[in-house]
Each structure stands twice: as structure tokens, then as C-alpha cells.
Amino acid sequence: MVEAVQDAGVVVTGAGGGIGAALARRFAAEGARVVVNDLDADKAKAVADEIGATAVPGDASGIVAEARAALGGTIDVYCANAGVAFEDGTPGGPLDERSWAVSWDVNVMAHVRAAHDLLPDWLENGGGRFVSTVSAAGLLTMIGAPSYSVTKHGALAFAEWLSLTYRHRGVKVHAICPQGVRTDMLAATGSAGDLVLQPTAIEPDEVADALFKGMAEDRFLILPHPEVAEYYQARAAHPDKWLGGMNRLQRAWEDSR
């Protein structure tokens, strides 16, 4: 059991299924008091009923006050898990302004707004824990999904900023960066996901396991796929070689379409 999870007030956004539901189940199993958030109210209620939690449906950008009240006044752990992905990088396709706007709002600004609402209490009380579901795309990139890749880089950058700014004041931050996870979002990635992500895809419960291990070790970067660390190092050390390899994937994807 991770220290301080027992009886902690935990919020998980985008928890109607996939990684979010797995995180909510794991926190509840460890004795936390959990708020399940999802834009789909029926899905949020179903998961909440299953694990003895409280459903607070709605846009993840604006639920902190309601979730705090549901938990009796204090949020100890906030899992910014809600996210969106679009296959908007079709070769020769038009710029999709909507996918960029929605991706920026959900994948980055929802985290910023939540932190803005959480930090005053956390700083006054001496700490809290912010868990950001990023993606390996935030460390690397993903073919066929420019708005997802760029905004996940933004989510990682914001998590890094939170950590370096507030860690001495008791705020712990974790960035989860898996590759493929068997969820509806993976299914929606289309042929690019089939090529790059499906072969090594893991179950959502494995992401929850990785997070709890990382929290116990007080690590910022959570890598459910350990090989991502090697890719990240290669990207930093040899960017042109890494870009060449990714371009080969891009060409293979184009040839398969």
C-alpha cells in the first residue's frame, strides 16, 4: 500500500472506462475515498457504483469545487486523466482546427485549470499529489496524430513545471507515459495505432500497477512500457537518427493505407 492512500480523497477524471477506471478501482481497493469523473454521466455512475465511490460527471476542467465538497472538503490526490486523441495527420489532409482546439483544451488546459483550483489548499495544508496521464507521445511523438502529440508534450511540460516549482512545498507530481493501452482510445487511433501501438499494448490495470509502484518510489516519470526510457534517451542523444527511424514508420504507415 502506498503511504497516505488509505482514506485519502482522490479524484480521477475521465474515469468512465480505460485507464481512468483502472486508476479509480485501484485507489478504492487501497482504501481511498474516490470521486469518479467522466463527461458521460452514466459511465461515471457505473464505475462509482461498482467501487463504492461518488460520481461527479461533467467537464474535467471545472469539477474541483464539486469534487472537493463530495470528499468532505479535501482533495489529496488529483488524477488528471481525461484526454482526447484524433487521427488528424492523414497524408495530404487539411488542417483540422477543431481537433487542435479540443486537444489543447482537454489535454493541457484542463490540467492547468485543475492545478489552479487545487494549489491554494495544497500549499496551505503542506501538500497534495497531482497525477497527469500524459502518454509516451508526450516524450516521443505519434505518427498520424499531430494535435495529440503536441498537446501531450504540453501536458508533460506542465507536469514538469508543477514538480520543479512546488516539490519543496510538499506537492508531489507524477507523469504517466504509456505507449499502447487496450482502451477505446487505442481502438480509435486507426491504422497508425495498429502499426505502432497494438503490438505492445498492455491492459489498463498494468498502468495502475505502474503508477502505484512509481508513487511508492516517489518517481516523477512513470513508464508502464520500460522500453520508452531507451527511446527517450535515443531521441535526446541522436535526434536526426531518431527522426529518421520515425520517418520510416511514417512511410510504412502511408504504404499500408
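**Exercise 1.** Find which backbone oxygen lies 2.7 Å from a polar atom of the side chain of His174, and describe the setting of His174.

*Solution.* Step 1: the oxygen belongs to Arg219, 2.7 Å from a polar atom of the His174 side chain. This is a predicted model, in which local features need pLDDT of at least 70, side-chain atom pairs count only at pLDDT 80 or more, and totals for chains, interfaces and linings use all residues. Residues are numbered from 1 along each chain as its sequence is written, and side-chain values use heavy atoms, leaving out hydrogens and water.

Step 2: His174 sits in strand β6, residues 171-176 (strands are DSSP runs of E, at least two residues, numbered from the N terminus).

Step 3: His174 counts as buried because its relative accessibility is 1% (buried means under 20% relative accessible area, with a 1.4 Å probe and protein chains only).

Step 4: beyond neighbours within four places in sequence, His174 is in contact with residues including Arg129, Leu211 and Arg219 (contact means heavy atoms within 4.5 Å).

**Exercise 2.** Place β4 in the sheet and state which way its residues point.

*Solution.* Step 1: the open sheet has 7 strands, in the order β3-β2-β1-β4-β5-β6-β7, with parallel pairing (two strands pair if DSSP finds at least two bridges between them).

Step 2: β1 (residues 9-12) and β4 (residues 77-80) share 3 bridges, while 4 bridges join β4 to β5.

Step 3: Val77 is the bridge partner of Val10, and Arg129 in β5 is the bridge partner of Val77.

Step 4: Val77 and Cys79 point one way from β4, Tyr78 and Ala80 the other way, and all are buried.

Definitions and conventions. Buried means under 20% relative accessible area, exposed over 50%, partly exposed in between (1.4 Å probe, protein chains only). A polar contact is a pair of N or O atoms within 3.5 Å; within protein, one must be able to donate a hydrogen and the other to accept it, and residues adjacent in sequence count only if both atoms are side-chain atoms.
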